[in-house]
Amino acid sequence: MFSFFSKDQTTGEVAEHQLDEANIPAHIAIIMDGNGRWAQQRHLPRIAGHKQGMNTVKTVAKAASHLGVKVLTLYAFSTENWKRPNAEVNYLMKLPVDFFGTFVPDLIKNNIRVKVMGYTDQLPAATQKAVADAIADTRHCTGMVLNFALNYGGRAELVTAVQHVAQQVQSGQLDPAEIDETMLDRQLMTAGLGELRDPDLLIRTSGEKRLSNFMLWQVAYSEFVFVQEHWPDFDQTALETAIYEYQQRHRRYGGLTPDTEK
Ligand code: FPP
């Protein structure tokens, strides 16, 4: 059992909770929203929010790893984020260079392995190099996987998967009747995560309640937790509070829980 103290967002009351160590979500995915609003509230440029958001990534990655999370997937840049002003996109593209440039030794110390999913070949060369180096430098780590969704989009991912399957059908290697969920799973960007490919818990910060094209296939049975904090304010306690909420849920995967079966 892990103990932690949380503050009620409406009453401000502080309460002690226990986390069940045996029921830590193996795969947590996070939509890190609210960097811009965090900065605006402080009369800072939006990029200041992204910089602070990067520091939050460091804190939350270490906290998740210590709690026993096996995969932490973070939505860092979507296929739609290119629509933002050039200066902001350029800054976001430099963040991985900064992040991995300073944090890889800490990741190795915490036995955290870096993976990336997304159309990384479309990223600037320096960003691609930072990502490739981080993947190579942490390849030997056997603990948590820190999986960045970088230039990722759920619909684009499904389109690419369908194209691969159609090519196999066209070349006569595959009978359409053989296409099943396992086969599609193998074509998705999460295939390398094996049994851990689907998030158990999806967290979105900053009060918005939408998926924004994130892991559309993989979240079919994930538990969703929406929190008010902007991403730069999210911390270990906020993570523990979200996991606590997850632990109060009854996952049924379309079936029944034992007490409702009677
Ligand atoms: C959404 O907030 C945030 C993003 C689009 C970028 C997320 C990136 C980070 C947190 C840094 C990632 C770090 C690494 C190492 C890659 P928003 O800008 O949409 O916020 P808003 O809705 O308040 O405007």
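**View 1. The residues that come nearest to the ligand in this predicted model**. Let's start with the neighbours: 18 residues surround the ligand, and those that come nearest are Asp33, Gly36, Arg37, Arg46 and Arg84. Sorted by class, the shell is made up of 8 nonpolar, 6 polar and 4 charged residues.

**View 2. Polar contacts between the ligand and Asp33, Gly36 and Arg84**. Here we look at oxygen atoms of the ligand and their protein partners. Asp33 uses its side chain, with an N or O atom 3.1 Å from a ligand oxygen. Gly36 uses its backbone instead, where an N or O atom also lies 3.1 Å from an oxygen atom of the ligand. For Arg84, an N or O atom of the side chain is 2.8 Å from a ligand oxygen. On its own the ligand would expose 630 Å², and the protein buries 91% of that area.

**View 3. The pocket and the helices around the ligand**. The ligand takes up the space of the largest pocket. Which elements give two or more residues to the shell around the ligand? They are α1 (residues 35-41), α2 and α3 (residues 86-109). Of these, α3 gives the most, with 4 residues.

**View 4. Helix α2 from end to end, and the glycine after it**. Helix α2 covers residues 46-67, 22 residues in total. From its first C-alpha to its last, α2 reaches 31 Å, close to the 32 Å expected at 1.5 Å a residue. Follow the chain past the end of α2 and you come to Gly68, which has a positive phi, near 100 degrees. As in View 3, α2 is also one of the elements that give two or more residues to the ligand's shell.

Methods: Residues numbered from 1 in each chain as written. Predicted model: local features only at pLDDT ≥ 70, side-chain atom pairs only at ≥ 80, totals over all residues. Heavy atoms only, no water. Expected span 1.5 Å × (residues − 1). Near = heavy atom within 4 Å. Polar contact = N/O pair within 3.5 Å; in protein donor to acceptor, adjacent residues only side chain to side chain. Areas by Shrake-Rupley, 256 points an atom, 1.4 Å probe, with all protein chains shown as cover. 1 Å grid on protein atoms, 1.4 Å probe; cavity = no way out; pocket = protein on both sides within 12 Å on 5 of 7 lines; lining within 4 Å. Sits in = over half its atoms within 2 Å of the grid points. Nonpolar A, V, L, I, M, F, W, Y, C, P; charged D, E, K, R; others polar.
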